[in-house]
Amino acid sequence: MEKIGRTKVVELLKSEAFDTTVCVKGWVRTKRGNKNVNFIALNDGSCLANIQIVVDVANFDEELLKKITTGASVSVVGTLVASQGQQKCEVLAKEVELLGEADPNTYPLQKKGHTLEFLREIAHLRPRTNTFGAVFRMRHHMAMAIHDFFHKKGFFYFHTPIITASDCEGAGQMFQVTTMNLYDLKKDENGSINYDNDFFGKQASLTVSGQLEGELAAMSLGSIYTFGPTFRAENSNTPRHLAEFWMVEPEVAFAEIEENMQLAEDFIKHCINWALTHCEEDLKFLSDMYDKELIERLNFVVNNNFKRLTYTEGVAILEEAIKNGKKFEFPVFWGCDLASEHERFLVEEQFKSPVILTDYPKEIKSFYMKQNEDGKTVRAMDVLFPKIGEIIGGSQREEDYNKLETRAAEMGVPSKDIWWYMDTRRFGTAPHSGFGLGFERLLLFVTGMSNIRDVIPFPRTPKNADF
Ligand code: 4AD
Ligand code: MG
């Protein structure tokens with residue numbers, strides 16, 4: 001085979017270098033034609049579109065062409081020519097090499113229109129479909145958008161640990177990390193497990209959030225963000241929960257809640273704008289396939305201010321709606337943790353816009369949030385989105401040593417376990433704020449997909465850790 005460098009399909013489709021010889025490699029999506037000419041739609045993952053390969057049957061071995069079936073991998077050298085078809089160019093094959101066969105009797109991606117549920121069972125192959133190609137390219141672009149936003153604002157990307165001995169959210173939803181032999185667990189006279197001989201010499205877990213360490217970084221580098229995997233052993237089988245998900249957590253010294261809200265709003269708008277400008281082809285495909293209002297919804301969010309109100313005001317609106325006949329599955333009262341149906345009512349029916357809800361009852365929020373003067377609420381902020389519900393959770397942090405220590409004790413977080421965190425309040429404490437954005441929740445919003453299992457390559461959920 002003639003030795004020339006491979007050009008990606010995304011480049012070829014933009015190329016004007018007609019009548020030159022090119023090399024393209026990819027996987028066959030379809031092959032059709034007649035006894036004289038075959039048309040192969042070739043995709044290499046670089047973009048949604050395929051390039052058409054035109055094969056003059058007379059010039060090729062019949063046995064070779066037979067093996068070029070859906071899913072097979074081929075390398076083609078040929079002439080790039082202008083085309084009358086959908087695409088502006090195609091390749092007239094001079095040489096075709098079969099790199100890898102895909103037996104039509106066993107390759108699972110044969111027929112068009114597989115369900116998303118079926119594709120989850122073949123998560124190792126689903127990136128070869130248009131849908132998952134589009135979703136995972138957008139996932140990449142959103143990660144780039146995040147780094148671009150913070151980098152340009154002078155934030156430093158700070159790597160917080162994945163294995164930790166502290167429960168940031170205090171919610172007891174941690175996966176333990178151990179090298180102990182579970183078949184031969186040693187317990188002491190009280191029936192407790194002795195971790196002295198475990199790998200870390202103490203009980204360790206996968207992190208639920210990088211925030212605590214992120215705060216340490218903010219109290220030295222000023223403005224930082226973490227962006228990494230986080231883990232929650234919550235047994236929630238919903239379209240919005242994963243046991244392993246990625247979180248983006250900025251933390252800013254000297255910032256109070258108002259600045260934090262503005263940062264959150266600007267940040268999400270930047271990401272959505274990025275999708276609109278960098279992912280046009282994939283967005284259009286996903287919109288046509290799954291969600292006709294997707295692009296309109298993205299534009300709406302970018303062009304309108306988020307509605308800001310307090311939890312107390314939100315609850316009053318919900319109570320009023322119930323009085324007027326609105327039915328919810330879960331009860332609403334001051335002090336309740338809002339369910340997704342309540343959040344979505346505020347966003348989708350009441351305000352028809354993203355909402356930032358602030359000043360929640362302290363009982364339903366974490367120990368580290370700054371306490372308000374009323375003694376009942378804390379300076380929390382949740383950003384609520386159409387179709388998603390909560391996309392961001394954050395707060396101003398309690399910077400007062402004594403208040404923090406008391407609250408941590410009340411909530412069952414021994415401050416001796418987080419002495420290093422407490423130290424930031426002992427030495428040069430200052431107001432500071434931050435938040436966490438669920439990366440997959442953002443992806444749900446920008447791709448228009450409706451199940452969180454379809455925006456992460458290999459979802460981990462209760463009873464499922466395949467691939
Ligand atoms: O509201 P959460 O629990 O906040 C924190 O963890 C804070 N420490 C963040 C901070 O202030 N630095 O989680 C933040 C976001 C949620 O708003 C949601 O988008 C996402 O993380 N999230 C999940 N996403 C997928 N699956 C889950 N099980 C999630 N739990 C939270
Ligand atoms: Mg939350």
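Ligand 1 is surrounded by 25 residues, of which Glu169, Gln211, Arg232, Glu249 and Glu390 come nearest; a residue is counted here if one of its heavy atoms lies within 4 Å of the ligand. The model is predicted, with local features requiring pLDDT of at least 70 and side-chain atom pairs pLDDT 80 or more, while totals for chains, interfaces and linings use all residues. Side-chain values use heavy atoms, without hydrogens and water, residues being numbered from 1 along each chain as its sequence is written.

The shell around ligand 1 comprises nine nonpolar, eight polar and eight charged residues, where Asp, Glu, Lys and Arg count as charged, Ala, Val, Leu, Ile, Met, Phe, Trp, Tyr, Cys and Pro as nonpolar, and the others, including Gly, as polar. At least two shell residues come from each of the strands β11 (244–253), β15 (389–396) and β16 (432–438), with β15 giving the most, five residues. Strands are DSSP runs (E, at least two residues) and helices likewise (H or I, at least four), numbered from the N terminus.

Polar contacts (pairs of N or O atoms within 3.5 Å) link nitrogen atoms of ligand 1 to the side chains of Glu249 at 2.7 Å, Ser209 at 2.9 Å and Tyr368 at 3.4 Å. The protein buries 94% of the 630 Å² that ligand 1 exposes when taken alone (Shrake-Rupley method, 1.4 Å probe).

In helix α7 (residues 280–290), Asp282, Leu283, Phe285, Leu286 and Ser287 are buried, that is, under 20% relative accessible area with a 1.4 Å probe and protein chains only. These buried residues pack against α4 (130–152), α6 (257–278), α8 (294–303) and α13 (439–447), contact meaning heavy atoms within 4.5 Å.

Technical notes: Chains are lettered from A and ligands numbered from 1 in the order in which they are written. A polar contact is a pair of N or O atoms within 3.5 Å; within protein, one must be able to donate a hydrogen and the other to accept it, and residues adjacent in sequence count only if both atoms are side-chain atoms. Buried means under 20% relative accessible area, exposed over 50%, partly exposed in between (1.4 Å probe, protein chains only).
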